[in-house]
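Let's take a walk through this model together. Have the sequence and the coordinates open, and pull up each residue as we get to it.

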Amino acid sequence: MTGMTGMAGMTGLLTTTRTHCPYCSLQCGIELTAGDRPVTLQPQPGVGLCSKGWTAAELLDHPDRLLRPLVRGPDGELHGASWDEAMERIADGIRQAQERYGADAVGCFGGGGLTNEKAYALGKFARVALRTPAIDYNGRWCMSSAAAAANSMLGIDRGLPFPLADIAGAEAVLLVGSNVAETMPPAMQYFDAGRAEGARHIVVDTRATPTARGSHLHLQPRPGTDLALANGLLHLAIRRGLCDHDYIAARTKNFEKARAAVMSFWPDRVERITGIPEAQLHETLDILTTARSAMILTARGAEQHSAGTRTAQAFLNLALALGLPGRPHSGWGTLTGQGNGQGGREHGQKADQLPGYRKLDDPAAREHVAGVWGIHPDELPQPGLSAYEMLDRMGAPGGVRALLVMASNIAVSAPNARHVRDRLKALDLLVVSDIFLTETAALADVVLPTAQWAEEEGTMTNLEGRIIRRRRALAPPEGVRDDLTFLADLAGRLGRGEFFSEDPRTVFAELKEASRGGVADYSGVDYEGSDQFWPRPEGSTVDSSRLFADGFPTADGRATFMRTDYREPAEPADAAYPYLLTTGRVMQHYQSGAQTRRVRSLRLAQPEAFAEIHPDLARRNGIGSGDMVELSTRRGRAQFRARLTDTVRPDTIFVPFHWSGRANANDLTNPVLDQFSRMPAFKVCAVAVRRAETPVEERTVMHSSPRFLQGIFRFTGHGLQKPAPVDPALSFTVPAGKAAQALYFRGGNSSSELITVVLLRDGAPMRYFPIGARSDVHVPLRVVEDLTGGTLLELHLAAPAELEGTLVIDFGLVEV
């Protein structure tokens, strides 16, 4: 429902709209209050937000916002244009490309942030208006390996086959390749709640992230060796007699294939491959098999590899062997990344897919969808190339010559990005629809301004398979259209307008029919409803929030074990490139950074790209903290600020991928593809490092460095009037000759009573942060106050005497 609360104000009637955060797949509930712009944002009652969510509304009226179409002129520059001029340029370019090179010469590239309606409309537009097989999206680089694993073994790809809150009830959790505390902070409440009740969590990560540091056990493998770890754990389970053979016999098949693949993975061999001690392998298995409920959760750290599908399958093999899927507070799942990463891969913007998660090469699926669309099945093209394969061939013989991009910044986010930028420049026509002039839009021939999340209607499907409403809180600025309107207009100019609507409710109604009977069946979903999980066939009363309790959606109702033969990473370290590079995210930024790098508080907290380097590796290469370093791989070079830390392996360098220009991490990454999912190997490649000469323009620039006081801490209260230290980690002394500013405070409280965190400055209370019972707070500290060199900052806790609980702290500062 949309809550509309009239309030007397200086600008007239204000309305409050309940909608959802535009960033990650949690899709946290927020309330937007709007009359005249700008809007104000608050979380819905009982909902926590991360720093990105709290600042999301700042982008609605950002000065960089695109407000009119841009067309590249004869002088090579982008100039403002009318919508009619821009649309005619696009339509003419498409017609010319197809007349000269054929229908396949025009392609579409979508994104996991599009609503279900827009993802559906884009897939339909490619097949009906353009009649091209050339369409894919950036979710190919996010969820495809986990999706391929789940479909092949469980018969269905739903990231979490249970509600996120079930994590709190699991007595053991094996989390592989995810730094939830920084990438999905609000989800930590469920992990924290479980730990507060005694749950033991095992985190597998090449870095000692905040998530890993708060776990019971941290396994730190060499990048790219997670498949050997999973095979080794299954080997141990079989060898020690810990498999659930009743479950295997009753609910699965092909166990012998998985068994054959892991029999050579003795613990000493796994230790040699992964670097994880044998004792930790045994302890991991002990924790999983002695708990009454256990979950295995994978994410991009395990999946973005040349063997990512096999890795996800191997951890699924382990979950099935232990009898976990379908049991309460147990099972296997994958943590979807993008806002509509789940729904975005269900309704047709993948190269091989039709709505409802149907296969494009399935005759029955083609007949059903063609019937809904009002065309003959033979008019539908066959499957096209995957995302990177399509981009790799742009502008070349047999490749697309014109490309339409929506909700994706591929000039930054694609692997081997330097090559992709060169291919974008080789196109006859590049069209980009976006809210800002991103690095990709800057290369375009036509740029279209599009509505933002708060200015549009539609549905999203979060990581649980929960279908939620995105509600319009305010109209887009004058001159800005939404993508459904753009696609319907362009289809009309191409002579196919009768097949398309710009109304999201109409599009969703058609999506329901197109998905009817498919794996992702939305036919029974009420557009105005809430808390609806797919699959939801029309008329069904089955609760689909939790899957697999009674069987699997396969032909025989059984899950299938897979043979998971081990493959080394595609590009090992060697003499020329002696270290391993891995990439990932930081708390303050999102994806290519096109949005978050424009938010002042987020930019101050994490102002520039950095490379995490172990002190031993730095010492061998003459690198000091704060130095500029040049990283080079077989694809290219990039420069980063060195950050020395022992939380990263001595053979590994970590860089975030949110920056562009000379700090674009994806100029380095390896585009070698997984054989099943066509996922690039973002997470590991060979790299060389050297100290770089600081560019002249940087020598006169004052650099800022983020500082964080953070962690997860057990506490016992000493009284509300007796604030006490929690941990030495929660103190910071501003270095001599420097100054610092506080940026934000985030805290979580697992206990049943109110507590207060006190910020002390040189021993005197400076700020109080109350945190309610089993709640969390996020406080942007917008008042700029310089804390001079020598200032001691400490965080103490005031809690009722003898009260016990867990405290989550994330206090961000910037040092200049």
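Does tyrosine 522 count as buried or exposed? Keep in mind as you look that this is a predicted model. With a relative accessibility of 0%, tyrosine 522 counts as buried, because the cut-off for that label is under 20%. Its place in the chain is a loop, the one that runs between helix H20 (504–515) and strand E21 (532–533).

So who are the neighbours? Leaving aside residues up to four places away in sequence, tyrosine 522 touches Asn116, Gly343, Glu346, His347, Thr461, Ile467, Phe508, Leu511, Lys512, Ser515, Trp534 and Arg536. For a sense of scale, try histidine 778: 256 residues separate tyrosine 522 from histidine 778 in sequence, and their C-alpha atoms are 35 Å apart in space.

One of those neighbours, Trp534, is worth a second look. The peptide bond that leads from tryptophan 534 to proline 535 is cis, its omega being near 0 degrees. Proline 535 itself sits in the loop between E21 and strand E22 (559–560).

While we're on backbone oddities, there are two positive phi values to check. Tyrosine 357 isn't a glycine, yet it has a positive phi of about 65 degrees. You'll find tyrosine 357 in the loop between strand E14 (353–354) and strand E15 (358–359). Glutamate 802, also not a glycine, has a positive phi of about 70 degrees, and this residue lies in the loop between strand E39 (792–799) and strand E40 (804–815). Their surroundings are another matter: tyrosine 357 has 8% relative accessibility and counts as buried, whereas glutamate 802, at 64%, counts as exposed.

Now for the helices. Two packed helices are described by the angle between their axes and the distance between those axes. Start with helix H4 (residues 144–154) and helix H14 (residues 308–321), which pack at an angle of about 45 degrees with their axes 8 Å apart. That angle makes H4 oblique to H14, and their crossing is right-handed. On the H4 side, the contact involves Ser145, Ala146, Ala148, Ala149, Ala150, Ser152, Met153 and Leu154, which meet Gly308, Thr309, Ala312, Gln313, Leu316, Asn317 and Leu320 of H14. Sorted by type, the residues of this H4–H14 contact are nine nonpolar, six polar and no charged.

H14 has another partner. Helix H8 (residues 226–239) packs with H14 at an angle of about 20 degrees, again with axes 8 Å apart, which makes H8 roughly parallel to H14. Here the crossing is left-handed. H8 contributes Asp226, Leu227, Leu229, Ala230, Asn231, Leu233 and Leu234 to the contact, and H14 contributes Arg310, Thr311, Ala314, Phe315, Asn317, Leu318 and Ala321. The residues of the H8–H14 contact divide into nine nonpolar, three polar and two charged.

Finally, the core. The largest nonpolar core has 114 residues, and those that touch the most other members are Ile90, Phe125, Leu174, Leu404, Leu448, Phe486 and Leu490. Apart from this core lies another, of 45 residues, including Tyr23, Leu160, Leu164 and Leu335. Leucine 174 brings us back to the helices: beyond four places away in sequence, its contacts are Ile202, Val204, Leu233, Thr284, Leu288, Met295, Ile296, Leu297, Phe315 and Leu318. Among them, Leu233 belongs to H8, while Phe315 and Leu318 belong to H14.

How values were computed:
Residues are numbered from 1 along each chain as its sequence is written. This is a predicted model: local features need pLDDT of at least 70, side-chain atom pairs count only at pLDDT 80 or more; totals for chains, interfaces and linings use all residues. Side-chain values use heavy atoms; hydrogens and water are left out. Axes are lines fitted to C-alpha atoms, for helices over the stretch in contact, and angles run from 0 to 180 degrees between N-to-C directions. Helices (H or I, at least four residues) and strands (E, at least two) are DSSP runs, numbered from the N terminus. Angles under 35 degrees count as roughly parallel, over 145 as roughly antiparallel, 65 to 115 as roughly perpendicular and the rest as oblique. A crossing is left-handed if the near helix is turned anticlockwise from the far one by less than a right angle, and right-handed if clockwise. Contact means heavy atoms within 4.5 Å. Ala, Val, Leu, Ile, Met, Phe, Trp, Tyr, Cys and Pro count as nonpolar, Asp, Glu, Lys and Arg as charged, and the others, Gly among them, as polar. A nonpolar core is a set of buried Ala, Val, Leu, Ile, Met, Phe, Trp, Tyr and Cys residues joined through side-chain atoms within 4.5 Å. Buried means under 20% relative accessible area, exposed over 50%, partly exposed in between (1.4 Å probe, protein chains only).
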